[in-house]
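Let's take a walk through a protein together, one piece at a time. Keep the sequence and the 3D view at hand as you read.

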Amino acid sequence: MRKQLYMEELSNFCRWLKKNFVPKPGDHTRPARCWSEKDFLDNRIVDAFVIVLKTRGCSWALNHGCTMCGYFNESTWKKLSEEDLFRQFETAMEQYNGEKIVKIYTSGSFLDNQEIKPVVRKKILQTLTKTTVEMVSVETRPEYVSYDQLEDIKKIFRTKLLEISIGLETANDFVRKYSINKGFTLDDYKKAADMVKKNDFRLKTYLLIKPPFLTEKESILDSISSVKKIMDCTDTISFNPVNVQRNTVVEYLWRRNEYRPPWLWSIAEILKKCKKLVKDDVRIKCDVAGGGKKRGAHNCGRCDRRFLSAIASFSLNQKEEVFDKLECRCREVWYDQLEIENLSFGSLTDNIPLTHPVSWR
Ligand code: SF4
Ligand SMILES: [Zn+2]
């Protein structure tokens with residue numbers, strides 16, 4: 001009963017934080033962003049073209065929302081016409097330069113019919129089959145994965161690879177429910193993962209580094225134990241270290257000095273340990289949004305750039321030796337924090353004087 005009340009309060013709080021939010025006005029025929037980057041496909045480093053479409057927003061975020069997610073800040077919060085949505089994709093494709101991978105992000109779920117109408121999804125995939133792209137990558141919550149949905153995609157997309165990404169965040173149901181407010185269980189993920197694999201699609205699973213209410217050490221342990229639980233059902237594990245996004249529970253805590261984004265030391269530790277756990281054909285990667293900034297994963301400021309480039313290199317080449325040479329005085333501060341936090345009932349922030357103070361930017 002008490003847990004149920006907490007859940008309702010957390011959900012209501014996620015909703016309350018958006019109460020004054022006004023969606024940005026803008027041209028709904030243009031995508032939010034698109035760019036080219038490097039990625040890995042079947043033992044090759046290739047170019048990938050990334051498109052972020054503006055949609056009405058993630059259905060879960062419009063009703064509740066996850067404690068760390070501010071993607072809704074980019075959504076329109078109102079229905080878009082099918083023509084406008086497809087026009088966004090066409091506008092983005094004007095910059096497509098034959099990249100082997102196309103990633104389509106919607107700040108929600110590509111397979112959610114409320115967010116992307118089936119007719120638009122079909123037209124997007126049909127257009128991509130006529131290009132030289134080899135793999136298309138999309139994201140979705142597990143409840144939108146069904147045999148019918150996948151069968152429809154297969155009919156169009158027979159000659160290309162499709163990667164479906166699911167943000168599981170953690171394999172621990174308690175943490176996903178009470179710390180992230182994600183709204184689905186490990187079993188829901190496993191059922192969706194099974195359907196994806198049985199249909200010969202690729203599966204990428206996102207895990208979150210340092211959800212709110214966990215200490216740095218608990219978060220490291222949570223990431224490692226999550227990998228142990230899912231490494232046999234996914235092709236790629238992609239870590240997302242929390243960055244502090246606007247109008248979220250994480251931002252609320254951060255502004256009150258009750259949350260610190262993860263240390264880059266922790267990320268390096270997680271990647272090294274997890275790479276040793278998985279089979280050779282499972283890729284481990286990590287995109288550090290806002291890395292080196294106060295709102296993103298950071299160390300002391302002096303060594304952040306070296307860490308970020310080691311993490312980027314590891315994500316591409318899978319060689320954990322890149323972390324071996326990383327050294328900085330702030331390692332001791334990080335160690336201390338891992339120990340002290342167990343006594344402090346929560347995440348320590350940069351404002352708390354530590355035993356080996358480092359200069360802050
Ligand atoms: S993390 Fe994903 S599921 Fe959660 S609110 Fe954001 S877009 Fe929706
Ligand atoms: Zn440092």
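Which residue in S3 is the bridge partner of Phe-49? The partner is Val-102. Before following that pair further, please keep in mind that what you are looking at is a predicted model.

Let's begin with the strands around this pair. Strand S2 covers residues 44-52, and it runs parallel to S3, with 5 bridges between the two. Another bridge in this pairing links Ile-51 to Ile-104 in S3. Now look at Val-102 again: Val-136 in S4 stands opposite this residue. Strand S4 takes in residues 135-139, and its pairing with S3 is also parallel, over 4 bridges. So far, then, you can step from S2 to S3, and from S3 on to S4.

There is a further strand to add, S1, which spans residues 33-41. S1 and S2 pair in the antiparallel sense, with 9 bridges. Within this pairing, Cys-34 stands opposite Ile-51 in S2. You have met Ile-51 already, as the bridge partner of Ile-104 in S3. S1 and S2 form a hairpin with 2 residues between the strands, and there Asp-42 takes a positive phi near 45 degrees.

How many of the 5 residues of strand S3 are buried? The count is 5 of 5 for residues 101-105, so the strand is largely enclosed by the rest of the structure. You can check this face by face. On one side sit Ile-101, Lys-103 and Tyr-105, on the other Val-102 and Ile-104, and all of them are buried. Both faces of S3 are therefore covered, because a residue counts as buried when 20 or more other C-beta atoms lie within 10 Å of its own.

Ile-104 leads us to the next topic, the nonpolar core. The largest such core has 88 residues, and Ile-104 is among those with the most contacts inside it, together with Ile-267, Ala-268, Leu-271 and Ile-311. Helix H10 gives the most to this core, with 7 residues.

Let's zoom in on Ala-268, which lies in helix H10. Is this residue buried or exposed? Ala-268 counts as buried, because it has 21 C-beta neighbours inside 10 Å. Leaving aside residues up to four places away in sequence, Ala-268 touches Phe-307, Ala-310, Ile-311, Phe-323 and Leu-326. Ile-311 in that list is also one of the residues with the most contacts inside the core. For a sense of distance, compare Ala-268 with Val-119: they are 149 residues apart in sequence, and their C-alpha atoms are 43 Å apart in space.

Next come some loops. Asn-181 is found between helix H6 (173-180) and helix H7 (186-198). Its phi is near 60 degrees, a positive value in a residue other than glycine. Asn-181 is a loop residue, and it is buried, with 22 other C-beta atoms within 10 Å. Phe-213 also has a positive phi, of about 75 degrees, although it is not a glycine. Its loop runs between strand S6 (202-209) and helix H8 (216-230). Phe-213 counts as buried because it has 20 C-beta neighbours inside 10 Å.

Glu-258 makes a useful contrast. This residue lies in the loop between helix H9 (249-255) and helix H10 (264-277). Glu-258 is partly exposed, with 15 other C-beta atoms within 10 Å. From Glu-258 to Leu-203 is 55 residues in sequence and 35 Å in space, C-alpha to C-alpha.

The model also holds a ligand. Which residues surround ligand 1? They are Cys-58, Trp-60, Ala-61, Gly-65, Cys-66, Cys-69, Tyr-71, Ser-107, Gly-108, Arg-141 and Gly-167. Sorted by class, this shell has 6 nonpolar, 4 polar and 1 charged residues.

Finally, step back and look at the whole chain. It has 12 helices and 8 strands. Its radius of gyration is 20 Å, close to the 21 Å that the globule rule gives for 361 residues, so the chain is as compact as a globular protein of that length. Along the principal axes, the C-alpha atoms fill a box of roughly 60 × 45 × 40 Å. Of the 361 residues, 41% count as buried. Among contacts between residues at least 6 apart in sequence, 75% join residues at least 24 apart.

Technical notes. Residues numbered from 1 in each chain as written. Chains lettered and ligands numbered in written order. Predicted model: local features only at pLDDT ≥ 70, side-chain atom pairs only at ≥ 80, totals over all residues. Near = placed C-beta within 6 Å. Nonpolar A, V, L, I, M, F, W, Y, C, P; charged D, E, K, R; others polar. Buried ≥ 20, exposed ≤ 12 C-beta atoms within 10 Å, placed from the backbone. Core = buried A, V, L, I, M, F, W, Y, C linked by C-beta atoms within 7 Å. Contact = placed C-beta atoms within 7 Å. Rg over C-alpha atoms; globule rule 2.2 N^0.38 Å. Pairing = 2+ DSSP bridges.
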